[in-house]
Amino acid sequence: MIMNIFLIKEADLVEAAEIISASFKNYEVMRYLFNDSGNDHEAHITEFFLAFYQFGLANNWPCYGVRVNEQWVAVALGCNSSEQEIIKGSDDALTEFYKKISPQACCRIEQYDQQADAAHPSKAHFFIDSIGTHPDHQGKGYAKALILKFQELSKSDVHSTGVGLNTESDNNINFYQHLGYQVKAQQKIGSLTSWSLFRTDD
């Protein structure tokens, strides 16, 4: 078995969106955000991640995938909080996506972003915005490999103090704590409970 961690490029985005949406389709936050999508639920999740990853790459956010024997198994998108200038026009795909969903879903996404962002530490850090392993390949250490990659990015950045992330599933907390992350905040966002975790660089 040969595991390869690689930088995702624009040509890879459709495959990346399919991997991350497959891992998130039954996740609490997706059920909350798109609870009125009906038969379009899974399609909306995939389209959302495709637009969001386009936004991330347009702003030079670090985006990595994992291949095992040339098969995609996991992806992660993050950002450096000290490099927050947004490139004009980079959110065009997201704007088009928001036209496809209900105004209520748009409000839920906005509310989630605002409240989740408010829980992030004020000091410079890397933030893992989304990370997921395809359901057929979970439990094999691929998410851990991506998390360690972001920890390497943080350690090599003179401004960054560590790595942060959020989860809306209490089943994930022990996994992150095992990797050295500490719960810094817990909050209600609509029907969700969201935990903000942070790991200070060694």
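**Sheet.** I began with the strands of this predicted model. Seven of them form an open sheet with mixed pairing. I read the order as β1-β2-β3-β4-β5-β7-β6. The edges are β1 (3-7) and β6 (182-189), and each of these pairs on one side only. From one strand to the next, the twist averages 25°.

**β5 and β7.** I then looked up how β5 (residues 162-167) pairs with β7 (residues 192-200). The sense is antiparallel, over six bridges. I noted L165 in this pairing, opposite L197 in β7.

**Helix on the sheet.** Next I turned to α6, residues 142-156, which packs on the sheet. I listed the strands that α6 touches: β1, β2 (63-68), β3 (71-80), β4 (126-133), β5 and β7. The direction of α6 makes about 165° with that of β4.

**α1 against α3.** My last entry is a helix pair. Helix α1 covers residues 13-24 and helix α3 covers residues 41-58. They pack at an angle of about 130°, and their axes are 8 Å apart. That angle makes α1 oblique to α3. I logged the crossing of the two as right-handed.

Which residues meet here? From α1 I have L13, V14, A16, A17, I20, S21 and F24. From α3 I have I45, T46, F49, L50, Y53, Q54 and L57. I sorted the residues of this contact by type: eleven are nonpolar, three are polar and none is charged.

Conventions: Residues numbered from 1 in each chain as written. Predicted model: local features only at pLDDT ≥ 70, side-chain atom pairs only at ≥ 80, totals over all residues. Heavy atoms only, no water. Axes fitted to C-alpha atoms, helices over the stretch in contact; angles between N-to-C directions. Helix = DSSP H or I, 4+ residues; strand = E, 2+ residues; numbered from the N terminus. Parallel < 35°, antiparallel > 145°, perpendicular 65-115°, else oblique. Left-handed = near helix turned anticlockwise from the far one by under 90°. Contact = heavy atoms within 4.5 Å. Nonpolar A, V, L, I, M, F, W, Y, C, P; charged D, E, K, R; others polar. Pairing = 2+ DSSP bridges.
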